[in-house]
Amino acid sequence: MAAVQDGQMELDAEKETKPEILSDGTSNLSGNTASGTLSSSPLTAAPAGGAPKMEDQQTLIAVLQFLKRNKLTDSVEILRREAGLGEDQEDSQATDGSGGGKGDVDGGDANSLLSRVSITSAAAPQSMCDSPLMFMLSAAGADDQPDVSVVLSAYSQQGDPSLYQVYYSGLKNFIESVLDCHRAELSQLFYPLFVHMYLELVYNNHENEAKAFFEKFSGDQECYYQDDLRVLCGLTKKEHLKGNEVLLDFRTSRFVLRISRDSYQLLKRHLQERHNNQIWNIIQEHLYIDIFDGMPRSKSQIDSMSGSLAGEGKREVNKAKVFHGLLKEPEIEVPLDDEDDEAENEEGKPKKKKTKKDSLGSKSKKQDPNAPQQNRIPLPELKDSDKLDKIMYMKESTKRIRLGPENLPSICFYTFLNAYQGLTAVDFTDDSSLLAGGFADSTVRVWSVTPKKLRKVKSAADLNMIDKESDDVLERIMDEKTASESKILYGHSGPVYGVSFSPDRNYLLSSSEDGTVRLWSLLTFTCLVGYKGHNYPVWDTQFSPFGYYFVSGGHDRVARLWATDHYQPLRIFAGHLADVTCTRFHPNSNYVATGSTDRTIRLWDVLNGNCVRIFTGHKGPIHSLAFSPNGKFLASGSTDGRVLLWDIGHGLMIGELKGHTDTIYSLKFSRDGEILASGSMDNTVRLWNSMKAFDEVETDDFTATTGHIHLPDNSQELLLGTYHSKSTPVTHLHFTRRNLLLAAGAYNSQ
């Protein structure tokens, strides 16, 4: 009974998530069989009037009675409609069955029939029961319906292992023989089918057949799956599968393929004509076919979106509304002080500067139509120190250099020499005054990169002697005896993989292999809180642009949203199939982007924890993310050496920047968004013309719906410069408020 109810729930879910697949009556093989679309099934041999054979009718009626007793009216209606039974016909047959024993099936009563149903269902995973009808027909006809038993064979582990090569070869020959326009789309089936069929053989202890299957067809897979295949070839026993969470996820989650309706109809017709139910079974159980109306996509269009562990992102996910605009800036008056007179002594100059500031402020004060409401998520109120910092920021902005192809930034590289502790993470404060490094020896080190030295707050006894009303009280509380250029923070018990300064420069976050995120005070240089939620190493952490909130991601495949005054996470973002390696807040703090070793990028809504975007296209684990200053675009870098550009509003890839030859560990947009800088393990910093990349792409609703993206191969045109270090991989990049580019990394003597 429970299985039937679950089946009904699954059917409803399918109606919501796969309307296009269900609309043509192909939601599952048994559905096709019952509606007469698969010619080989004995169920389609029912008389023209639609009434089933007497024995089958009794079986169906027994199931109907059971459903009625348990008040599963929806299932009753579906079964009666599919079987062509009227209510009066059902009642009369039920009466006959109860009087003369004709309701028995194979010598048992209705209860024995139902017990057989439950036994059969136990042999099949719950996900097999996509509808009550499929569940009941496959059970009731298990003895005399060969097609349905073939469908179940993959899940009751009764498939003939020797035929797997025949099934796969048959599909391969068919796809290679179709028209070119369909071949590229249908070729997407090769990889997920290959993996599932191999895992099926291994799971059923057919080691020799699995090895032969792998050797014959592994060479046909796309080059960007080679790393996965190397892992796969080492899994030769059922016991190996239990220890590999990634492949277990692959087996239990649905691989998403985006295919045009014409290509899908070709595939369906072929499988029905050849009665290739083994392949069809895997497609229905483990693949999500996202059908769209329109021209089939080309090989290059498909390749640009392929490569992730779970296939492409579902179009439905990327249709959610995303408020990517910036929040309205608070109105802060900028006083004209002596600093403004330093530039020129003329009386007219400061006024010109003032108008500059006003125009700068007015640009951000206009309400962006794509911006979220100011109070959509609670944000911390501005303190007086924050307002002073805003004023300093606006003053710095007036002296900012406007970058472009003709005006590239200067680059200042901070090289960590003799970093025998092993540099693993770097961060700069927004005002570029402090630099923090995380090290493999479990320490965090903070440096001052200005002449101003780092000082601790005085002891409690000394603080009591200070005049709290004095104007320079903030200066007096600092202990000059503790002044030094750097400080070391001890507390972690494993390598530190992520560091992040708070916007007000009072705090520093660090994440470690020990599974904790620590919050450090930069006034006392001590640990204030240890946040424990991750069970495994935490690869990255980052403060919100407004402070207070921060995000972390780790080996446990989830990202967590925290607030500094809560010891438990506020949100858990779950959905990645592998480690979450990098995390970034959107400039408006309403969204969080995460990159993963499952080769996908996800955008999460902080308000409700929902995933609102899934970006696929990288061919390796993602290690760097950066939002454009206007919040409209996202850049991502990976071990494949490519930088991909994404339109957040439309949910589309809009650019591909090729040039690096190794993993890209850092990405940063200039303050005005004109230039994108990328730093890599190939010891180079590259500058890209991001404005040209964004302006040249035309996005519309049709492109977003079908995925027909046309990426111009113009990486060399967009590349503005390549800058080599002697032997220092680039770990971090940062643009100062005046658009000077800072880079950091540890010197590699090898």
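In this predicted model, helix 17 (residues 261–273) and helix 18 (residues 277–286) pack at an angle of about 140°, and their axes sit 9 Å apart. An angle over 145 degrees would count as roughly antiparallel and one of 65 to 115 as roughly perpendicular, so helix 17 and helix 18 come out as oblique to each other. On the helix 17 side, the contact is made by Tyr 264, Leu 267, Lys 268 and Leu 271, and helix 18 brings in Ile 279, Trp 280 and Ile 283. Sorted by class, that makes 6 nonpolar residues and 1 charged one, with no polar residues in the contact.

Stepping back to the whole protein chain, there are 27 helices and 31 strands. The chain runs to 750 residues, and 52% of them count as buried. About 33,800 Å² is left exposed, with carbon and sulfur atoms supplying 50% of that area. As for contacts between residues at least 6 apart in sequence, 62% of them join residues at least 24 apart.

One of the strands, strand 14, covers residues 538–543 and includes Asp 540. Is Asp 540 buried or exposed? The relative accessible area of Asp 540 is just 10%, and the cut-off for buried is under 20%, so Asp 540 is buried. A polar atom of the Asp 540 side chain lies 2.9 Å from the backbone nitrogen of Thr 583. Thr 583 also turns up among the contacts of Asp 540 once neighbours within four places in sequence are set aside, together with Thr 581, Cys 582 and Arg 584. The rest of that list consists of Gly 498, Ser 511, Val 551, Ser 552 and Gly 553.

Technical notes:
Residues are numbered from 1 along each chain as its sequence is written. This is a predicted model: local features need pLDDT of at least 70, side-chain atom pairs count only at pLDDT 80 or more; totals for chains, interfaces and linings use all residues. Side-chain values use heavy atoms; hydrogens and water are left out. Helices (H or I, at least four residues) and strands (E, at least two) are DSSP runs, numbered from the N terminus. Buried means under 20% relative accessible area, exposed over 50%, partly exposed in between (1.4 Å probe, protein chains only). A polar contact is a pair of N or O atoms within 3.5 Å; within protein, one must be able to donate a hydrogen and the other to accept it, and residues adjacent in sequence count only if both atoms are side-chain atoms. Contact means heavy atoms within 4.5 Å. Accessible areas come from the Shrake-Rupley method with a 1.4 Å probe; for residues, only the protein chains shown count as cover. Axes are lines fitted to C-alpha atoms, for helices over the stretch in contact, and angles run from 0 to 180 degrees between N-to-C directions. Angles under 35 degrees count as roughly parallel, over 145 as roughly antiparallel, 65 to 115 as roughly perpendicular and the rest as oblique. Ala, Val, Leu, Ile, Met, Phe, Trp, Tyr, Cys and Pro count as nonpolar, Asp, Glu, Lys and Arg as charged, and the others, Gly among them, as polar.
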